Each structure stands twice: as C-alpha cells, then as structure tokens.
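Here are my notes for you on this structure, written as numbered points. Keep the picture open beside you and look up each place as you read.

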Amino acid sequence: MSLTENEQSTTDAPERKAARRRAPGEAPPAPRRTAGERRPRARRRAASNEHGNDWSSWPRYDAAELGFRDYWYPVMWAEQVGKKPVPVELLGERIVLVREKDEIFGLHDRCPHRGVPLSLGRRQYEGTISCPYHGWTYELDSGRMCAALTDGPDSPINNKVSVTTYPVEQRLGLVWIYVGDAQGDDVPPVERDIPNELLDNDFVMGGRWDIREGNWRFAAENGFDEGHAKYLHNTALWRLFKVMPAWNMTRIVEEDGWLIRVQDEVHWEAEFPGLGTWTNKRWWKRMPLPDAPGKGKRVNPVIKGLNIPGFVSFRLPGLLRVAYPEFIHFEWYVPVNEDQVRYVQILVRFEKGAKASIFKAKYLSAIRWLFHGQFTGQDAWMVDVMNAPPEKLYRPDLSLTAIRRHIEQVEPTVQVDRTPGSKRQPPAE
C-alpha cells in the first residue's frame with residue numbers, strides 16, 4: 001500500500017534540472033555552474049602527500065564515477081510515465097521511457113540516423129516510437145526500426161537498424177531500469193535488488209525523488225557517514241526536539257550483503273581542554289532511541305524480526321537503510337552522470353488500516369517537508385560542494401572506507417558508457 005502519485009512525488013522539475021527551494025534553516029547552496037561547465041576535479045596525486053590521500057588504494061571504486069553495471073535502479077514514479085516519451089539519464093546512458101497500456105518500455109535515446117533524441121519523437125503507431133526528424137519508426141519491445149516513413153514501405157534500410165532496449169519493471173510504485181550485459185532470461189529479477197522486507201510485508205509509504213548535484217559516491221558516503229549527523233544536522237528541524245550524540249565509538253559488521261554501523265559507545269557530551277563542553281543537550285530535547293532499532297520500547301514486529309544490530313545499513317549498488325523501531329527510511333543513490341545523482345527516498349511503515357491512514361496524514365503534513373525536504377536538503381548542500389580526493393580521513397570515516405573495501409572485495413562491474421553516440425571514451429586497456 002502506498003500514497004497516490006501526487007502524494008508521493010514532490011518533484012515537478014524537468015528531468016535534468018537540479019534546482020530546488022531551500023527550507024527554513026537550510027544552508028545556502030553553492031554557486032551554480034553555468035551550462036556546460038563541469039565540476040572541478042582534483043588532479044591525480046601520489047597515494048599520500050601534504051594535501052591528503054587519493055583513492056588509489058581503491059582502484060575499482062576510483063573508476064566508478066558512473067556507478068556499476070548489472071543492477072536494477074529506481075528512477076521515478078511509475079505514474080509519471082505515460083504515452084508521451086520521457087527522457088532519463090542513468091549511469092551516463094540516455095534512455096527514453098514510453099508507456100504502452102500497463103507496460104513501460106526503455107530504449108536508447110538516440111536515433112542511429114543522425115543522432116536525434118527519440119524522446120522528442122512522436123507515437124505514430126501503437127507499440128512504436130518515431131524519430132521527429134525523418135520518421136524512422138522503432139518497435140518499443142525490440143528496438144527494431146520497422147519503417148522509415150519518409151522513404152516508403154520498400155526502403156532498403158527498413159528492418160536493418162535497431163536501438164538498444166533496456167529491461168524495465170514497475171515495483172513499489174517506481175520505475176526500475178536494468179543496466180547491464182545480461183539479456184532475455186539471463187536478466188536477474190528486479191526483486192534481487194529490492195530489500196526483502198519490502199517484498200514480504202504489507203506497508204504504507206511516502207517518498208520523493210529529485211536530481212542533485214554531485215557524484216553518486218559522495219551521496220552514498222554521506223548517507224553512511226558516521227560523523228556528519230551530529231554536527232550538520234543538529235540544526236535540522238527534524239531533530240529539533242531530539243538530542244544528538246557528541247561522539248560515538250563505531251564498528252562495521254556485514255550481514256547478507258549489508259554493511260551495518262554498530263555503536264559500541266555513545267557519548268552525549270565531551271570536554272575539550274581550552275574550549276569547553278561540546279553537547280547537543282537542551283532542556284526541551286528528549287533523549288533519542290537506543291543504539292539498535294529492536295531495542296526500542298515500541299518496536300514494529302516486522303522491524304524487530306529483522307534483527308538489525310544497528311540503525312544504519314548500506315548495500316550495493318547504492319542503497320541506504322535507516323531502521324527505527326517503528327519505520328524504515330530507504331535512500332537510493334542512483335548515478336545520473338559524473339556530476340549528478342538521482343536521489344530516491346521512501347519512508348515505510350509496516351501497517352495497514354487506520355494506522356496506515358494516520359501515517360499518510362503525518363507524511364503529507366510534516367514528514368515530507370521536514371525530513372524528505374529540509375533535513376536531506378542539508379545533505380544535498382554538502383554533496384554539491386564536496387571536492388575529493390585528496391582527503392585526510394579521521395576515525396569516524398571507517399564507514400566510508402568500509403564501503404570502498406567492500407567494493408574492491410565484491411568486484412562489481414564498473415560502468416563505462418559504450419552506447420553509440422557517447423562522448424565518453426572507455427578507459428585504456
């Protein structure tokens with residue numbers, strides 16, 4: 001069970017527009033880059049120098065600006081795709097989505113004739129899309145060019161040209177696209193890349209997606225980062241009445257492909273010689289939840305049954321799970337290109353009936369703009385202005401290095417856009 005499309009989506013901007021409004025208390029954004037201006041990149045440096053370390057210790061991670069192949073990625077709400085073609089950029093590949101009755105199809109968004117985007121095309125005939133330039137017409141299911149409308153039925157090129165197609169599924173009210181080398185029956189089911197708790201239980205959810213500035217790795221690291229919430233978010237309205245720890249002692253454990261942050265020590269204040277006491281305690285703030293979701297006083301049975309040893313978990317290709325005793329928040333960091341990330345977030349309660357209806361009201365009246373707006377907007381600000389490597393890490397950054405080591409161990413396939421017309425060159429062998 002989920003909210004209606006209008007309730008779920010708060011993103012009305014065009015596909016490639018990343019501008020957003022600031023909520024009260026949110027830090028101002030960094031200066032915008034002009035059209036065509038690329039994000040400044042750090043020069044390649046030696047493994048360690050006076051400025052900090054590079055990412056040479058994690059070569060696969062370092063190469064993954066565009067993410068990883070052979071995964072399913074959520075891109076938008078299913079109700080946002082109709083008969084009118086919708087352009088999407090995913091892992092650097094340009095894709096056009098088209099709905100035909102209850103099914104959504106994905107094709108490479110480029111006509112092989114002169115490179116015109118098919119997303120600008122027309123729907124002349126059922127089950128097809130036609131290029132707006134010369135009327136080359138492609139079957140949605142196969143990508144085969146079945147007619148060159150401006151060269152007649154006997155055109156020699158008919159049925160001899162095709163465009164790449166992408167597997168597309170609809171789950172959780174979202175459109176999922178598979179980018180990988182598998183074809184046909186070899187394509188893994190989309191359920192493989194969806195958490196089991198969302199497949200096996202009834203729930204109600206609210207959520208939003210938008211496109212944000214910054215590479216997907218910065219967004220993923222920010223989500224799993226152990227240290228930033230205590231400082232960056234201690235001004236967030238979402239945390240106004242909750243005490244934030246001063247510092248923690250944390251370790252990372254791995255369970256079923258999830259990296260999980262486990263807190264061994266929680267310190268609510270600290271005394272810094274010559275500076276004073278650092279604490280977020282205030283008389284109007286209540287102490288937060290215990291250090292694992294199953295330890296709360298009121299724990300949802302589904303969440304309790306997950307036996308998660310810590311609140312925050314991460315898994316490939318870029319999914320964060322923040323589990324509380326009564327709800328779970330999921331964030332997908334979906335690569336758009338080298339400089340942008342599609343940020344898909346949903347908040348789930350495993351409830352039915354009246355409790356589900358109450359959650360809907362809470363989400364629409366407060367959670368949507370407090371949590372999915374102002375709170376995560378602070379994260380968007382940091383991801384946008386971040387410029388690493390080089391970098392000098394500190395103890396809480398063990399969460400970041402855990403992701404990087406995990407990727408080197410699992411060895412997912414690094415995405416390199418080799419689709420026709422791509423301006424990106426594959427790395428030298």
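1. Let's begin with a puzzle: which residue lies over the face of Trp58? Arg404 does, at 4.8 Å from the ring centre. A charge counts as sitting over a ring if NZ of Lys or CZ of Arg is within 6 Å of the ring centre and within 35 degrees of the ring normal. Arg342 offers another example, as it lies over the face of Trp209 at 5.0 Å from the ring centre.

2. A word on what you are looking at. This is a predicted model, in which local features need pLDDT of at least 70 and side-chain atom pairs count only at pLDDT 80 or more, while totals for chains, interfaces and linings use all residues. Residues are numbered from 1 along each chain as its sequence is written, and side-chain values use heavy atoms, with hydrogens and water left out.

3. Now the overview. The protein chain has eight helices and 21 strands; helices (H or I, at least four residues) and strands (E, at least two) are DSSP runs, numbered from the N terminus. Of its 429 residues, 53% are buried, where buried means under 20% relative accessible area, exposed over 50% and partly exposed in between, with a 1.4 Å probe and protein chains only. Take the contacts between residues at least 6 apart in sequence: 64% of them join residues at least 24 apart. Contact here means heavy atoms within 4.5 Å.

4. Arg404 belongs to the buried residues of helix 8, which also include Leu400, Ile403 and Ile407. Helix 8 covers residues 398–410, 13 residues in total, and spans 18 Å from its first C-alpha to its last. That is close to the expected 18 Å, the expected span being 1.5 Å times one less than the number of residues. Just after helix 8, look for Glu411, which takes a positive phi of about 60°.

5. Where do the nonpolar side chains gather? A nonpolar core is a set of buried Ala, Val, Leu, Ile, Met, Phe, Trp, Tyr and Cys residues joined through side-chain atoms within 4.5 Å. The largest one has 85 residues, and Leu90, Leu97, Val175 and Ile177 have the most contacts inside it. Helix 7 (residues 353–385) gives the largest share of this core, seven residues. A second, separate core has 16 residues, including Phe105 and Tyr138.

6. Next, the aromatic pairs. Rings of Phe, Tyr and Trp (its six-membered ring) pair if their centres lie within 6.5 Å; planes under 30 degrees apart count as stacked, over 60 as edge-to-face and the rest as tilted. There are 12 aromatic pairs by this rule. In one of them, Trp55 and Phe218 meet edge-to-face, 6.2 Å centre to centre with 75° between the planes. Trp55 sits in the loop between strand 2 and helix 2, and Phe218 in helix 4, so the pair ties together parts that are 163 residues apart in sequence. Both Trp55 and Phe218 are buried, and ring pairs link the two with Tyr61 into a cluster.

7. Phe203 and Phe350 are another edge-to-face pair, at 6.3 Å centre to centre and 75° between the planes. Why does Phe203 count as buried? Because its relative accessibility is 7%.

8. Turn to the strands, which pair if DSSP finds at least two bridges between them. Four of them form an open sheet in the order 4-5-6-10, with antiparallel pairing. Strand 4 and strand 10 are the edge strands, each pairing on one side only. Strand 6 and strand 10 are joined by two bridges, and Leu107 has Thr165 as its bridge partner in strand 10.

9. Strand 18 (residues 312–315) is covered on both faces: Val312 and Phe314 on one side, Ser313 and Arg315 on the other, are all buried. Two bridges join strand 18 to strand 15 in the antiparallel sense, with Ser313 as the partner of Ile260. Strand 18 also pairs antiparallel with strand 19 over four bridges, where Ser313 stands opposite Arg321.

10. One last hairpin to find: strand 16 and strand 17, with three residues between them. Gly274 in the turn has a positive phi of about 80°. The two strands run antiparallel and are joined by four bridges, and Glu269 has Thr279 as its bridge partner.
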